[in-house]
Protein chains: 4
Amino acid sequence: MSSSDLENPDQLVTSTNPDHPANLIPSLCAKFWTLGWVTGTGGGCSIREDDLVYIAPSGVQKELMKPADIYVLSLAAQEASLKNRTYLRSPPAYKPSQCTPLFLAAFTRRGAGCCIHTHSHWAVLVTLLLESAPGDGKLFEINNIEQIKGFGRGFQKQGNLGYHDTLRIPVIENTAHEEDLTEFLEAAMDRSPDTYAVLVRRHGVYVWGDNVHKAKTQCESLDYLFQLAVEMKQLGIPWISDIPVVKPTRI
Amino acid sequence: MSSSDLENPDQLVTSTNPDHPANLIPSLCAKFWTLGWVTGTGGGCSIREDDLVYIAPSGVQKELMKPADIYVLSLAAQEASLKNRTYLRSPPAYKPSQCTPLFLAAFTRRGAGCCIHTHSHWAVLVTLLLESAPGDGKLFEINNIEQIKGFGRGFQKQGNLGYHDTLRIPVIENTAHEEDLTEFLEAAMDRSPDTYAVLVRRHGVYVWGDNVHKAKTQCESLDYLFQLAVEMKQLGIPWISDIPVVKPTRI
Amino acid sequence: MSSSDLENPDQLVTSTNPDHPANLIPSLCAKFWTLGWVTGTGGGCSIREDDLVYIAPSGVQKELMKPADIYVLSLAAQEASLKNRTYLRSPPAYKPSQCTPLFLAAFTRRGAGCCIHTHSHWAVLVTLLLESAPGDGKLFEINNIEQIKGFGRGFQKQGNLGYHDTLRIPVIENTAHEEDLTEFLEAAMDRSPDTYAVLVRRHGVYVWGDNVHKAKTQCESLDYLFQLAVEMKQLGIPWISDIPVVKPTRI
Amino acid sequence: MSSSDLENPDQLVTSTNPDHPANLIPSLCAKFWTLGWVTGTGGGCSIREDDLVYIAPSGVQKELMKPADIYVLSLAAQEASLKNRTYLRSPPAYKPSQCTPLFLAAFTRRGAGCCIHTHSHWAVLVTLLLESAPGDGKLFEINNIEQIKGFGRGFQKQGNLGYHDTLRIPVIENTAHEEDLTEFLEAAMDRSPDTYAVLVRRHGVYVWGDNVHKAKTQCESLDYLFQLAVEMKQLGIPWISDIPVVKPTRI
């Protein structure tokens with residue numbers, strides 16, 4: 001970030017490159033709105049490029065968002081002083097997102113490049129089904145579904161999960177104020193260091209990835225699996241199965 | 001409204017500003033059609049700016065509506081003479097919407113800036129489920145779902161509902177003629193002064209807000225909750241729950 | 001139709017007017033594809049203007065159809081000689097639709113201006129539910145739903161159905177060849193002279209109207225009701241109810 | 001393929017013709033993404049024109065794919081040397097699709113011109129329902145549904161299936177690595193020589209056709225039938241029925 005940026009902070013969100021975070025967040029959020037993930041200003045999205053963090057504001061209609069609506073902050077400055085958050089660039093008409101400390105947790109603790117928060121009702125239904133099932137309902141588990149391959153094997157690990165691997169997504173309880181979720185999200189990251197997502201009971205899901213591509217496709221794959229899980233439950237099919245491994249016979 | 005407007009009423013619906021009500025109603029209605037809210041000319045939308053009320057006509061295909069199709073009336077003139085409704089501007093090819101007195105009720109009794117009427121089948125299904133459940137079925141209640149935060153706390157109150165608050169939407173019985181719903185809608189507003197919506201049994205829902213942004217996002221959040229409620233019923237999960245409050249441990 | 005048309009039949013499908021039938025059929029069919037009504041080249045659409053009948057061809061991907069793909073025939077010539085159907089204009093690459101005699105039945109027997117055929121799976125599911133219910137399953141009936149108002153009262157009758165009226169759609173059994181449905185569709189029209197639609201078991205629905213607007217909005221309203229009916233069945237709510245009439249108390 | 005193509009392989013994917021395979025694959029995949037068939041980089045699509053095979057790469061967001069992302073290989077060269085696959089043209093940023101040998105099987109063993117692989121959750125649910133039903137669950141069967149007519153009668157046979165015919169789609173078990181499916185797909189083709197599709201348990205479906213039009217419309221029709229089958233199961237309606245043939249009475 002050059003000093004000229006600070007003299008004119010709007011430069012931070014002005015670019016003709018469609019892959020610039022200030023352009024990408026609005027186009028992603030419009031897509032997420034169509035998928036029913038960010039209904040009624042719910043949910044959000046943040047992208048990190050090196051030290052700069054771009055965040056959609058609070059209370060915006062996600063399908064109508066514009067680059068000029070984006071907040072920008074410095075991750076380094078943020079870590080030094082969590083209490084008094086300052087923004088390199090703020091939009092004139094909005095308030096900062098309550099999701100901000102949760103996005104920052106993904107960036108600082110997992111080195112994520114993008115974090116997406118959805119209110120997808122498939123995610124909410126999965127947390128409700130777990131709540132009413134035996135056990136403490138604090139872990140979503142599914143295995144033997146091809147789409148599981150859409151997830152990385154874990155933090156600082158190479159490669160993706162396999163078809164027979166069990167995908168495990170921790171569930172945390174919702175709090176009255178969204179920023180109060182932060183400590184529970186961080187604790188879930190500590191307990192499940194390889195997860196790329198945390199479900200929030202009766203609320204939705206946070207999904208991240210090393211970059212925009214991975215966060216977005218992992219979020220899609222997860223929503224696919226949540227929908228499948230709800231439909232499997234309606235049809236009486238268990239999420240965890242023990243099926244034989246099929247091996248090729250050719251050499 | 002200047003006298004020149006009255007000399008050329010079409011000026012009232014002619015603007016290059018996409019946020020002008022005569023442009024906004026068609027673009028909103030096209031979006032609502034895609035969401036299945038205004039199928040087959042059902043439903044409608046009205047925006048108030050100060051004294052001027054803009055209303056989609058009756059019987060129009062909502063995804064094809066144009067600014068020239070919009071009615072305009074004066075709220076003040078309306079209140080003085082309800083029986084003989086006159087329009088400042090009428091489209092040549094359509095009839096006034098039967099929803100008009102219901103929209104006016106939201107504007108005059110709640111100071112709303114926008115009112116949306118949908119035939120969303122999630123709304124209809126919720127009223128059917130309430131009808132066949134024990135009790136008089138005249139109140140939809142749901143709590144402990146994050147999306148509830150999408151609603152204002154109530155008429156002339158500051159702030160929004162919280163996660164643990166119970167959202168309550170009154171249900172009125174449908175009448176043979178839509179304008180006859182008006183007195184029942186007004187009575188429901190009197191009984192539930194803080195509601196921003198009224199369900200109509202076997203028909204749909206009326207949702208309003210202080211402005212277009214609030215009416216539209218509250219309508220989206222409500223439809224999300226109606227869909228969730230139907231799916232929860234199919235999965236045997238109750239709409240009202242008693243769950244512990246999770247408090248942050250950090251100071 | 002002037003003689004010049006016959007000298008250059010392509011003129012019959014060439015117009016810059018978006019409401020010309022040769023332009024309207026492709027734009028309607030693209031919309032129907034998005035709604036899941038004409039999946040995999042299924043379904044179809046025909047518009048009549050005076051003596052001229054415009055028909056989508058057989059086997060075309062409905063969302064990709066172009067004006068040049070449209071067949072045109074003369075209704076008068078058709079009636080005089082049903083056996084040897086001749087077309088005023090034929091596209092070079094396609095075959096005539098097997099739906100043609102069914103569309104013509106709506107035009108000649110009901111004076112319809114437009115007829116739509118969908119394979120909507122809501123329509124198919126309704127016919128399957130009726131098949132497995134007690135009775136002969138040859139009539140779909142629903143009442144006390146607001147969307148019923150979207151239908152005309154009947155052939156050569158003024159006005160629309162009311163909220164408390166029962167909408168009745170006859171069901172005919174499917175035949176191996178689509179054109180063989182014609183006599184059964186015509187018999188259903190004779191038995192139910194006021195219907196604007198006929199369901200075909202395990203196949204879909206034919207819906208018509210006096211003009212494109214009415215056929216399209218009636219088709220939408222019907223699909224809405226079929227979807228609602230399937231969901232009501234899943235939730236144990238009957239399609240026919242006996243509810244009290246609510247009358248306004250004001251004078 | 002001229003020698004100039006080999007000198008400049010990018011020519012193989014550069015064309016202003018929207019029906020060129022390098023343009024068609026991205027536009028088809030964008031459509032499939034909207035249908036939920038290729039969520040999170042899952043699924044794929046390949047087109048063959050004479051000896052040239054065009055394939056979408058691995059790991060690409062399907063709705064964002066561009067012609068420059070496409071692989072091209074020679075079918076003849078491929079058959080001669082399966083082990084060391086070489087590409088006439090490779091995109092700079094991606095890896096070859098693991099679906100490649102499965103697409104090639106459709107091209108070489110069935111003379112297909114296009115093959116589509118989806119992760120449609122309707123397909124996955126059908127394989128799960130079959131798995132938990134009596135029998136070996138290795139065949140999906142449905143009859144007496146109009147949409148069945150959307151399928152060709154079989155390999156090197158003329159015409160399409162009829163309404164009363166039973167559509168049979170073999171199911172193979174999923175393997176840990178997608179390319180290992182190839183031998184099982186080929187064996188299913190041998191056992192069911194007339195099928196145009198093979199379901200993969202807990203994974204999705206492969207569908208092919210003589211050309212793009214047939215592969216795409218057969219894939220649509222099949223997804224329609226899978227969705228219908230899941231809904232029929234939820235409503236207690238069997239997939240196979242024995243219903244009387246309705247014959248026309250007119251001569």
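## A tour of the four chains by selection

Begin by selecting C:Glu220 and C:Lys216, which both lie in helix H7 (residues 212-234) of chain C, four residues apart, about one turn of the helix; helices here are DSSP runs of H or I with at least four residues, strands are runs of E with at least two, and both are numbered from the N terminus. What you have open is a predicted model, in which local features need pLDDT of at least 70 and side-chain atom pairs count only at pLDDT 80 or more, while totals for chains, interfaces and linings use all residues. Residues are numbered from 1 along each chain as its sequence is written, chains are lettered from A and ligands numbered from 1 in the order in which they are written, and side-chain values use heavy atoms, with hydrogens and water left out.

**The pair in H7, in chains C and B**

With that pair still selected, display the side chains: C:Glu220 forms a salt bridge with C:Lys216, with 2.5 Å between the closest N and O atoms, a salt bridge being a side-chain nitrogen of Lys or Arg within 4 Å of a carboxyl oxygen of Asp or Glu. C:Glu220 and C:Lys216 are both buried, where buried means under 20% relative accessible area, exposed over 50% and partly exposed in between, with a 1.4 Å probe and protein chains only.

Next select B:Glu220 and B:Lys216, whose salt bridge has its closest N and O atoms 2.5 Å apart. These two residues are separated by about one helical turn, because they are four residues apart in helix H7 (residues 212-234) of chain B. The relative accessible area is 4% for B:Glu220, which counts as buried, and 2% for B:Lys216, likewise buried.

**From chain B across to chain A**

Keep B:Lys216 and add A:Glu63, since the side chains of these residues meet in a salt bridge at 2.4 Å, N to O; the count between chain A and chain B is two salt bridges. Helices H5 (121-132), H6 (182-191) and H7 (212-234) of chain A each supply at least two residues of the side that touches chain B, and H5(A) gives the most, with eight residues.

Now widen the selection to the contact as a whole, which takes 35 residues from chain A and 31 residues from chain B, contact meaning heavy atoms within 4.5 Å. The area buried between the two chains is about 2800 Å², of which carbon and sulfur atoms give 56%; buried area is the accessible area, with a 1.4 Å probe, that two parts lose on being put together, summed over both.

**The side of chain A that faces chain D**

Select A:Lys31 and D:Glu63, whose side chains meet in a salt bridge at 2.6 Å, N to O, and then add A:Lys216 and A:Glu220, which complete a network of salt bridges linking A:Lys31, A:Lys216, A:Glu220 and D:Glu63. The contact takes 31 residues from chain A and 35 residues from chain D, and the area buried between these chains is about 2800 Å².

Chains that do not touch can be checked in the viewer too: no contact joins chain A and chain C, whose closest C-alpha atoms lie 12 Å apart, and chain B and chain D do not touch either, with their nearest C-alpha atoms 12 Å apart.

**C:Trp33 and its surroundings**

Move to C:Trp33, which lies in helix H2 (residues 21-34) of chain C and is buried, with a relative accessible area of 14%. Leaving aside neighbours within four places in sequence, C:Trp33 is in contact with C:Val38, C:Glu63, D:Lys31, D:Leu35, D:Lys216 and D:Glu220. Showing C:Glu63 as well reveals a polar contact of 3.4 Å between the side chains of C:Trp33 and C:Glu63, a polar contact being a pair of N or O atoms within 3.5 Å, of which, within protein, one must be able to donate a hydrogen and the other to accept it, with residues adjacent in sequence counting only if both atoms are side-chain atoms.

**Helix H4 of chain C**

Select residues 100-110 of chain C, helix H4, where nine of the eleven residues are buried, so the helix is largely enclosed by the rest of the structure. Among the buried residues are C:Leu102, C:Phe103, C:Phe107 and C:Arg110. Just after this helix, C:Gly111 takes a positive phi of about 60°.

**A last stop at the cysteines**

A search of the whole structure finds zero disulfides over all chains, a disulfide being a pair of cysteine sulfur atoms within 2.5 Å. Select C:Cys114 and C:Cys45 to see one case: C:Cys114 is in no disulfide, and the nearest cysteine sulfur, that of C:Cys45, is 4.4 Å away. C:Cys114 is buried, with a relative accessible area of 0%.
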